[in-house]
Amino acid sequence: MDKKQKPISRRELLQLALASGLISSVGGGFSAPARASELTMRAVEPKDRKLLFILGAWGGASIIDSFMPVSVSDTGDPFGAQAMNVFPDEGLVRPANSAFRVPSVLSDYSIFAKPSFGIADFVQAHGADLAAIGHEVSSVNHTIAQQRSLTGAGINRGRTLMEAMALRYGGGMVLPNCNMAADGYIRHGADPTVPTEARHELISSPLLFATGTHGSRGVAGAPSDALVQRARAARKSLEGASVFGRTFADDARRQKFLNSRETLSPQIEQASVFDKLLLTDPSKIDPKYGVSLDPLALAVRDMLPDIQSDRVQAQVALAFLLAYHGVSTSVTLGFSQDAYVKPDGKIVGSPIAFDFSHNNHRVTQSLMWSRMLGLLDTLITLLKKHDYMGDPSLGKMWDRSLVYVATEFGRDKKRGFLSSSWGTAHDLNNGSIIISPLIKGNAVYGGVDPRTCLTYGFDPSSGVANKDAVMNESDVYGIIAHALDLDAPAARRFPGVVR
Amino acid sequence: MRTLEKTLLALSCATGLTVTACVKEEKLPAPTDPVTLGPDGKPAAGGAAGQANTGAGGSESTGSKSPIARSTRSSLQWKRHAAFEADLSQALELPPEELCNEFGADSCIRTVHLSPLGGHNPFTTGLLESSAEPLVTTSTVVERVVLSACIARREKDRALGQNGVVFGGLDLDGVAPAPDAAATRGLIAGLYRRFLARDVEPSELETLAQLVRDEAGAPVSASDFAASACLAVGTSSEFLFF
């Protein structure tokens with residue numbers, strides 16, 4: 001007997017729908033993809049804030065050409081040493097009471113100007129707060145490696161150190177995270193929950209950045225502030241009334257822009273950062289613009305004689321002022337790929353920065369390390385001299401600061417036999433330096449194998465060198481996060497390094 | 001079967017398989033009424049608040065305005081530095097190099113504020129890619145550039161008098177005309193055509209016409225009115241996004 005065909009029941013229909021994935025089995029309804037909600041930044045009292053300065057050493061600043069060099073004697077093989085990137089014994093100096101032995105200034109810099117400030121000078125001035133860390137990296141691609149030097153290769157949910165700083169200390173600051181660097185050093189992190197205010201503000205012109213913080217100040221012939229406010233109020237009304245505004249009321253990009261204009265921009269104007277941050281040559285500002293430089297800005301300019309032509313000197317000046325005035329908690333500086341030629345024609349910065357090591361390794365490394373450390377010396381001197389936000393009760397800015405020299409990778413450890421001038425490619429093995437009173441300075445964490453010139457790591461809990469330990473970008477991130485008390489739960493802690 | 005049909009329809013609608021049968025009538029937000037600015041420059045009590053729409057729903061009024069459908073799949077693009085410069089230059093009939101120069105020297109758009117205006121400069125600054133989204137300072141920078149450009153045009157028109165390209169209808173050395181004066185309305189209408197390529201709505205005209213007065217109700221200079229009106233229209237999101 002044929003089975004009588006029954007009509008499909010509701011239960012069977014639903015089961016079919018579930019099986020085909022037409023409906024979710026959870027709750028019986030559809031669930032749209034969840035949108036990541038942005039984190040909220042909490043305000044921190046000035047007395048509890050920390051400051052982070054990152055300098056992007058574009059192109060591969062080699063640690064064995066600076067703070068972890070190897071001498072011919074170290075190798076124990078004078079013959080083999082002639083094929084390695086090592087220094088003659090007399091080419092290294094150890095400043096008094098220093099854990100660091102560093103290369104001296106070279107006698108010949110080819111077409112470049114001989115530096116007036118050497119690595120040893122920096123050690124003498126700031127060695128007590130200086131740490132060199134042996135570690136490896138995970139990419140020899142410039143842009144990728146630059147980004148990983150700031151994200152710890154993604155150890156903290158893809159957040160850059162700067163974003164983590166802004167989230168931790170930047171609540172209430174008008175521009176908590178500013179970035180004047182280039183290339184991979186200006187890429188945002190990968191965490192979509194980082195709010196707009198915590199992402200870095202790109203600055204392309206340090207000397208005149210201040211002008212972008214006010215809608216009418218310094219604009220000759222502008223209406224009064226009151227009339228500009230009135231025009232803004234009218235504009236706000238029009239935004240809601242126009243056909244365009246009503247049609248695109250839900251557009252996310254437009255909403256974000258309008259929200260920023262209505263909330264963040266007025267805060268920036270009211271903070272009067274225009275007058276505090278203006279750094280351009282005062283002699284070139286016509287009185288009709290009604291602006292003049294702040295006395296502190298003038299004093300900072302005096303410490304940086306080439307500020308008008310040297311972009312990185314301008315960055316140093318602005319970085320200091322941004323931090324001093326409580327505008328930012330994190331500032332990133334960096335070399336670009338341009339050579340720096342002074343107005344007198346002297347070339348003091350190589351093209352493609354440290355990457356000119358492809359052409360002339362020893363000279364490029366010495367030149368750029370000297371240049372970079374000279375700039376950092378000025379920055380740190382300013383931080384040591386001035387009270388945070390001009391308030392003696394808050395102590396010197398340096399007491400709460402950390403400087404991190406980020407770089408992509410190291411360079412080849414070998415050279416042509418007996419070569420006195422050679423080129424090097426990128427190498428995964430390298431190290432970094434951190435300068436801060438928040439860490440146990442005057443120390444080398446890890447070491448260098450004199451036979452191979454490869455660096456090795458250390459025990460995070462004690463700081464003692466360990467030839468079998470391999471540290472990487474995430475460990476550098478962890479040290480900095482630990483020192484600055486950042487939220488980075490996946491990163492290791494380093495009680496052997498951090499005070 | 002009727003019950004089963006309803007179930008099937010509900011499932012189909014949920015999966016989007018049968019869209020037309022599932023569309024419900026949406027209640028659209030009411031358009032805002034013309035806004036009267038009070039002495040403090042803020043919307044006066046009793047007038048509808050001219051807030052940027054934030055997605056709050058509302059019923060469409062059955063008044064004189066036709067309903068406006070909100071775009072549900074909009075993806076407005078940010079007008080970046082090159083397009084912004086070109087459109088501003090065209091609107092005010094100024095060469096690009098005269099739009100805005102900080103302290104009369106450095107180009108606002110091409111140099112000083114390149115980053116917040118969505119530009120890039122791989123050679124000098126190593127800015128290989130433009131910012132994907134407007135920066136925090138973008139809105140302020142845009143205001144600054146537009147204001148500078150408006151003032152530049154105003155000063156050229158001051159020399160041209162009645163032959164002024166944008167502000168020729170005003171006596172730029174005198175006080176602003178009355179809100180309902182032909183010169184006032186003509187200027188505003190002209191700005192809308194130049195910046196937004198459309199006619200101004202009566203409600204928009206009413207709002208901007210009040211810029212001839214300051215917060216105390218006293219007439220402002222024609223010069224200030226010109227700059228203020230130009231600033232308000234030139235920095236609207238309708239000009240800055242497309």
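**View 1. Residues at the heart of the second largest pocket.** Of the 43 residues lining the second largest pocket, Ser205(A), Leu207(A), Gln308(A), Ser309(A) and Arg311(A) are the ones nearest its centre. Two or more lining residues apiece come from helix 11 (311-324), strand 8 (340-341) and helix 12 (361-385) of chain A, and helix 3 (108-112) of chain B does likewise. Keep in mind that this is a predicted model.

**View 2. Helix 11 of chain A at the pocket wall.** Here's the element that gives the largest share of the lining of the second largest pocket: helix 11 of chain A, with four residues.

**View 3. The space inside and what surrounds it.** How do you find room like this? Rolling a probe the size of a water molecule over the atoms shows where empty space is left. In the second largest pocket, that space comes to about 770 Å³. Sort the lining residues by type and you get 20 nonpolar, 14 polar and nine charged.

**View 4. Chain B, element by element.** Stepping over to chain B, you'll find eight helices and two strands. Follow the chain from its N terminus and the order reads α-α-β-β-α-α-α-α-α-α.

**View 5. Inside and outside of chain B.** Chain B has 242 residues, and 49% of them count as buried. As for contacts between residues at least 6 apart in the sequence of chain B, 62% link residues at least 24 apart. On the outside, chain B shows an accessible surface of about 11,400 Å², with 53% of it belonging to carbon and sulfur atoms.

Technical notes. Residues are numbered from 1 along each chain as its sequence is written. Chains are lettered from A and ligands numbered from 1 in the order in which they are written. This is a predicted model: local features need pLDDT of at least 70, side-chain atom pairs count only at pLDDT 80 or more; totals for chains, interfaces and linings use all residues. Side-chain values use heavy atoms; hydrogens and water are left out. Buried means under 20% relative accessible area, exposed over 50%, partly exposed in between (1.4 Å probe, protein chains only). Contact means heavy atoms within 4.5 Å. Accessible areas come from the Shrake-Rupley method with a 1.4 Å probe; for residues, only the protein chains shown count as cover. On a 1 Å grid over the protein atoms alone, a cavity is a set of points where a 1.4 Å probe fits but cannot get out, and a pocket is an open set with protein on both sides within 12 Å along at least five of seven lines; lining residues have an atom within 4 Å of a point. Grid points are joined across faces, edges and corners, and a volume is the space filled by probe spheres set on the points. Ala, Val, Leu, Ile, Met, Phe, Trp, Tyr, Cys and Pro count as nonpolar, Asp, Glu, Lys and Arg as charged, and the others, Gly among them, as polar.
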